[in-house]
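Please open the model in your viewer, with residue selection and side-chain display ready to hand. The tour below moves from one selection to the next and says what is to be found at each stop.

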Amino acid sequence: MNIMDFNVKKLAADAGTFLSRAVQFTEEKLGQAEKTELDAHLENLLSKAECTKIWTEKIMKQTEVLLQPNPNARIEEFVYEKLDRKAPSRLNNPELLGQYMIDAGTEFGPGTAYGNALIKCGETQKRIGTADRELIQTSALNFLTPLRNFIEGDYKTIAKERKLLQNKRLDLDAAKTRLKKAKAAEARNSSEQELRITQSEFDRQAEITRLLLEGISSTHAHHLRCLNDFVEAQMTYYAQCYQYMLDLQKQLGSFPSNYLCNNNQTSATPTPSVLPNVIGSSAMASTSGLVITPPPANLNDVKEYNGSRKARVLYDYDAANSTELSLLADEVITVFSVVGMDSDWLMGERGNQKGKVPITYLELLN
């Protein structure tokens with residue numbers, strides 16, 4: 001027998017097997033043929049594997065969205081990964097915001113209150129961006145990769161063996177059907193032999209599939225360890241971000257004036273501002289001293305000088321009434337104290353204009 005004849009016969013046999021399975025499957029769906037049921041333990045294992053696969057995919061995809069919210073960036077990273085090439089490095093959102101703040105602060109002037117604050121905020125945002133990059137790398141390595149390996153590796157093997165088990169089951173049931181229809185003794189003997197072979201193959205494939213499916217419990221244990229690693233990475237990231245923001249809060253709180261004042265403030269007396277705390281009660285205890293209050297030294301200096309002084313305006317201020325003087329940031333005016341005036345205010349003078357100005361908007365000059 002030459003190779004061509006062998007291939008032809010093999011193709012014919014495969015076609016016959018495929019047709020037999022198709023007929024058996026169709027008749028089962030129509031209720032015209034009996035179906036061999038898998039044992040309850042194997043069915044439970046198959047259900048557990050399918051459930052694990054579905055939820056692992058959902059968790060994996062949503063974690064990717066959490067770590068990289070930009071869908072275009074995710075697609076680009078996927079393409080580079082499939083091409084086995086390294087994606088080009090680019091600034092992430094916190095780093096980009098930080099760079100904008102630093103550039104703006106530099107242009108406004110590091111010596112100005114706003115420029116200095118922008119630079120400090122920008123540096124902190126860039127640190128957060130670095131921490132964010134580290135979170136993504138750690139989570140991808142310790143959490144996403146094991147989940148993806150299960151979907152693309154272990155579960156594909158399980159699905160392949162499950163499909164093979166389904167085919168062996170169809171072969172077994174088809175053999176049972178032929179045995180029932182066999183009338184002649186010779187045909188019955190041939191059908192009984194075929195049934196023994198298909199039953200043996202089905203049992204062997206069921207055992208292989210069962211052993212693979214029982215490994216799902218080990219998969220759950222492994223994914224639990226990976227989940228702990230992911231939580232630890234998040235905990236490190238949020239702790240770093242909190243510490244960076246706490247340090248920034250302290251730096252901004254050390255400014256010589258109340259940088260949080262609203263430029264459109266219209267109340268008669270500026271009120272101290274407290275930086276908001278969104279971390280928790282422990283953080284509140286550590287930051288409760290960060291109430292930004294107007295420095296009394298400025299007013300004392302004016303009183304001790306007992307005359308007029310020059311002052312640079314830190315922020316724009318709109319006069320609430322005719323007794324106050326509107327201010328523009330960075331202009332220089334003359335200020336002096338008046339007996340009986342509220343300690344949070346000075347009398348300001350610009351040319352022929354005169355009126356009350358809040359001391360928190362001023363930087364007294366020597």
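Begin by selecting Asp330, which is found in the loop between S3 and strand S4 (332-336). This is a predicted model, and in it Asp330 has a positive phi of about 75 degrees although it is not a glycine. Most residues other than glycine have a negative phi. As for its surroundings, Asp330 counts as partly exposed because its relative accessibility is 47%.

From that loop, step back to strand S3 (residues 309-313) and select Arg312 together with Glu363, whose side chains meet in a salt bridge with an N to O distance of 2.3 Å. Arg312 lies in S3 and Glu363 in strand S7 (residues 362-364), so the pair ties together parts that are 51 residues apart in sequence. The two partners can be coloured by accessibility: Arg312, at 16% relative accessibility, counts as buried, while Glu363, with a relative accessible area of 31%, is partly exposed.

**The helices**

Next, display helix H2 (40-67). H2 has 28 residues and reaches 40 Å from its first C-alpha to its last, close to the 40 Å expected at 1.5 Å a residue. At the start of H2, look for a side-chain oxygen of Asp39, which reaches to within 3.1 Å of the backbone nitrogen of His41. Following the helix along, select its buried residues, namely Leu42, Leu45, Leu46, Ala49, Thr52, Thr56, Met60, Thr63 and Leu67. If you then add H5, H6 and H7 to the view, you will have the helices against which the buried residues of H2 pack.

Turn now to H6, which has 29 residues and reaches 41 Å from its first C-alpha to its last, close to the 42 Å expected at 1.5 Å a residue. Its buried residues are Ser191, Leu195, Thr198, Phe202, Gln205, Ala206, Thr209 and Leu213. What covers these buried residues of H6 includes H2, H5 and helix H7 (216-253).

In helix H7, select His223, which is buried, with a relative accessible area of 11%. Which residues does His223 contact once its neighbours within four places in sequence are left aside? The contacts to show are Thr56, Pro146, Leu147 and Phe150.

**The nonpolar cores**

With these helices still on screen, select Leu38, Leu42, Leu165 and Leu213, which touch the most other members among the 18 residues in the largest nonpolar core. Helix H2, helix H5 (113-181) and helix H6 (185-213) each supply at least two residues of this core, and the largest share, eight residues, comes from H5. Centre the view on Leu165 and show what surrounds it: leaving aside its neighbours within four places in sequence, Leu165 is in contact with Leu38, Leu42, Phe202, Gln205, Ala206 and Thr209. A second, separate core of 17 residues can be highlighted in another colour, and it includes Val313, Leu314, Tyr317 and Tyr361. In soluble globular proteins, nonpolar side chains tend to be buried together.

For residues 158-185, an unreviewed UniProt entry lists a "coiled-coil region". Selecting that span in the model, you will find that it is 89% helix and 0% strand, and that its end C-alpha atoms lie 41 Å apart.

**Charged pairs**

The last stops are drawn from the 14 salt bridges that the structure holds. Select Glu95 and Arg133, which form a salt bridge with the closest N and O atoms 2.4 Å apart. This pair links distant parts of the chain, with Glu95 in helix H4 (residues 93-108) and Arg133 in helix H5, 38 residues apart. Is Glu95 buried or exposed? At 8% relative accessibility Glu95 counts as buried, whereas Arg133, at 28%, counts as partly exposed.

Then move to Lys168 and Glu201, a salt bridge in which the closest N and O atoms are 3.4 Å apart. Lys168 lies in helix H5 and Glu201 in helix H6, so the pair ties together parts that are 33 residues apart in sequence. Glu201, at 25% relative accessibility, counts as partly exposed. Finish by selecting Glu207, Arg210 and Glu214, which are joined into one network by salt bridges that share partners.

Notes: Residues are numbered from 1 along each chain as its sequence is written. This is a predicted model: local features need pLDDT of at least 70, side-chain atom pairs count only at pLDDT 80 or more; totals for chains, interfaces and linings use all residues. Side-chain values use heavy atoms; hydrogens and water are left out. A nonpolar core is a set of buried Ala, Val, Leu, Ile, Met, Phe, Trp, Tyr and Cys residues joined through side-chain atoms within 4.5 Å. Buried means under 20% relative accessible area, exposed over 50%, partly exposed in between (1.4 Å probe, protein chains only). Helices (H or I, at least four residues) and strands (E, at least two) are DSSP runs, numbered from the N terminus. Contact means heavy atoms within 4.5 Å. The expected span of a helix is 1.5 Å times one less than its number of residues. UniProt positions are given in the numbering used here, feature names are shortened, and annotations may be inferred rather than shown by experiment. A salt bridge is a side-chain nitrogen of Lys or Arg within 4 Å of a carboxyl oxygen of Asp or Glu. A polar contact is a pair of N or O atoms within 3.5 Å; within protein, one must be able to donate a hydrogen and the other to accept it, and residues adjacent in sequence count only if both atoms are side-chain atoms.
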